[in-house]
Amino acid sequence: MKILLLISCLTSFTFQSQGQTDNSKIDKKDLKKFVNILTSDSLEGRGTGTDGQIKAERFISEKFKELGLKKFDQNGYLEKFKLNQTYWGQVYIKTQSRTLENFENIVFQGSDIQNDEIEREVVFAGLGTEKELNQINVEGRLVLVFIKNLRANYDIGTTLEKRNAYGVIVANPENEKQFESIKRTYKDYVLQKRLSFPQNDTIKNFLFAKWDRIKTVNVITISNSEIKGIIGLSQRELIKLIEEKRINEAPIKKVKVKFEKIVNEIETANVIGLIQGKTNKTIVVSAHYDHLGKSDKEYFPGADDNASGTAALLELAEEFSNKKNLEYNIMFLATSGEEAGLLGSFYHVNNPDFNPDNIICDLNLDMISRIDDKHSNGKYLYCIGTDQSIELDTIIKKADGLFDKCSFDFSLNNSKDPTGLFTRSDNYNFYKKGVPAIQFFSGLHLDYHKPTDTVDKIDFENLENRVRQISLVIELLQSAGLKN
């Protein structure tokens with residue numbers, strides 16, 4: 001009976017909706033203007049906690065105010081929250097003759113912090129075999145080990161962790177190019193500024209939680225040219241000790257080390273505007289407005305990811321701001337911290353005031369403006385997650401037949417696939433709270449997370465049609481509802 005009633009409501013809506021897209025306020029000129037603002041160089045990639053992100057936050061708030069949207073709470077349109085920003089500061093090894101700096105003469109791949117300079121002994125452990133380690137005392141010491149693959153340092157790191165070593169220094173005497181490759185490829189990742197909630201033990205950090213569980217000593221990769229300065233013997237002399245099984249005769253030297261981690265507290269905010277309906281039930285339309293910020297030389301504009309979704313959210317807010325007698329509230333939720341691990345949406349759904357029973361569904365807009373290599377034109381939009389609910393599936397498939405300029409592609413429609421795209425955007429946090437959640441998405445492309453994700457690569461007519469298609473879903477939800 002429930003499905004029959006729903007179909008009846010949708011049939012009625014079909015007649016009401018004839019010609020509605022011609023009267024839509026959703027316009028490609030507005031979408032282009034919003035994307036240009038969000039990707040401008042003054043916003044510097046909208047990195048979470050940066051001045052550029054705050055400028056984007058203000059822009060969205062001002063747009064909500066202009067449209068007459070209801071404020072979220074006493075803070076206005078802002079749902080503020082704090083994050084810890086952590087990154088490596090001074091990281092070095094001092095020998096008797098020189099200082100070896102991170103990403104010059106060494107590559108630090110550890111996680112244990114040493115904010116003050118301390119002195120440690122260095123002992124040679126040959127190839128790091130069990131028989132060799134049994135010959136020497138590694139406890140509390142840095143252990144120099146030769147390995148054939150500098151990237152494969154996990155086993156020796158965990159072995160020395162169990163033996164209470166302070167850290168491991170690895171080198172590959174057979175291949176100096178390997179060190180240069182690691183130095184080049186790891187730098188951006190290791191020096192990245194990480195964001196997490198202050199209460200790390202209770203709030204999951206999606207990107208880095210798995211690394212926190214790995215028990216291994218600090219790993220320092222060194223250039224072959226620095227071996228003698230650290231241990232007092234050349235690599236040729238050390239190899240001879242290995243061959244003659246006399247590694248315990250290698251000298252024990254002292255070095256000074258510092259692995260400084262800097263922790264700053266930053267404040268950021270989700271931006272939330274509300275349109276009041278007749279009931280306490282709410283449809284959430286979400287899109288993250290943050291992106292990757294900037295590097296030393298350039299910034300990441302994030303035109304598709306996710307200025308496109310944010311612009312669409314603003315256009316949908318305008319589309320529904322003047323509609324009267326809405327059955328359900330509509331919440332327009334622009335999240336921060338998505339790129340750092342879905343942090344803004346995680347904060348929102350774990351707020352004590354959040355009641356999933358009052359949420360009809362979340363419609364999440366993330367990267368909706370490009371064309372992937374699976375499609376020949378832009379008259380499509382991936383719709384992921386309708387498998388959660390027969391009612392939701394019925395409503396969205398009805399919307400799919402009302403507008404001939406865009407069709408939903410359901411080929412990625414699997415919300416239960418833990419390795420799939422559905423888990424990688426803000427809809428996933430709603431889903432985990434039991435709220436039906438849909439991800440709208442146009443596909444990956446070669447400019448993903450690169451400085452080349454620029455405005456000129458967006459076809460704004462396609463984007464307009466996709467946003468109009470999403471607006472039909474919202475209209476149908478208002479007419480038929482989804483009782484969650």
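# Helix H14 and its surroundings

Leu446 sits in the loop that links strand E16 (437-441) to helix H14. The model is predicted. Helix H14 spans residues 460-480 and packs against helix H12 and helix H2. This briefing covers the whole chain, then those two packings, then three single residues.

**Whole protein**

- The protein has 484 residues, and 56% of them count as buried.
- Its secondary structure comprises 14 helices and 16 strands.
- Along the principal axes, the C-alpha atoms fill a box of roughly 90 × 45 × 45 Å.
- About 22,400 Å² of the protein is exposed, with 46% of that area supplied by carbon and sulfur atoms.
- Take the contacts with a sequence separation of 6 or more: residues 24 or more positions apart account for 82% of them.

**H14 against H12**

- A pair of packed helices is described by the angle between the axes and the distance between them.
- Helix H12 covers residues 390-400. Its axis lies 9 Å from that of H14, at an angle of about 130°.
- An angle of about 130° falls outside the range for roughly perpendicular, 65 to 115, and is not over 145, the limit for roughly antiparallel. H12 and H14 are therefore oblique to each other.
- Their crossing is right-handed.
- H12 brings Leu392, Ile395, Ile396, Lys398, Ala399 and Asp400 to the contact. H14 meets them with Gln469, Leu472, Val473, Leu476, Leu477 and Ala480.
- By type, the residues of this contact are nine nonpolar, one polar and two charged.

**H14 against H2**

- Helix H2 runs over residues 28-38. H2 and H14 have axes 9 Å apart and pack at an angle of about 105°.
- That angle lies within 65 to 115 degrees, so H2 and H14 are roughly perpendicular to each other.
- On the H2 side, the contact uses Lys28, Leu31, Lys32 and Val35. On the H14 side, it uses Phe460, Glu461, Leu463, Glu464 and Val467.
- Five residues of the H2 contact with H14 are nonpolar, none is polar and four are charged.

**Ser471, within H14**

- Ser471 belongs to helix H14.
- Ser471 has 4% relative accessibility; the cut-off for buried is under 20%, so this serine counts as buried.
- Beyond its neighbours within four places in sequence, Ser471 touches Ile26, Leu316 and Phe320.

**Leu446, in the loop before H14**

- Leu446 counts as exposed because its relative accessibility is 74%, and exposed means over 50%.
- Leu446 and His288 are 158 residues apart along the chain. Their C-alpha atoms are separated by 20 Å.

**Ala303, in H10**

- Ala303 is part of helix H10, which spans residues 303-321.
- The relative accessible area of Ala303 is 0%, so this alanine is buried.
- Setting aside neighbours within four places in sequence, Ala303 contacts Val35, Thr39, Ser308, Asp453, Thr454, Val455 and Ile458.
- One of these partners, Val35, also takes part in the contact of H2 with H14.
- Ala303 and Thr95 are 47 Å apart, C-alpha to C-alpha, with their positions 208 residues apart in sequence.

Methods:
Residues numbered from 1 in each chain as written. Predicted model: local features only at pLDDT ≥ 70, side-chain atom pairs only at ≥ 80, totals over all residues. Heavy atoms only, no water. Axes fitted to C-alpha atoms, helices over the stretch in contact; angles between N-to-C directions. Helix = DSSP H or I, 4+ residues; strand = E, 2+ residues; numbered from the N terminus. Parallel < 35°, antiparallel > 145°, perpendicular 65-115°, else oblique. Left-handed = near helix turned anticlockwise from the far one by under 90°. Contact = heavy atoms within 4.5 Å. Nonpolar A, V, L, I, M, F, W, Y, C, P; charged D, E, K, R; others polar. Buried < 20%, exposed > 50% of the residue type's maximum accessible area, 1.4 Å probe, protein only. Areas by Shrake-Rupley, 256 points an atom, 1.4 Å probe, with all protein chains shown as cover.
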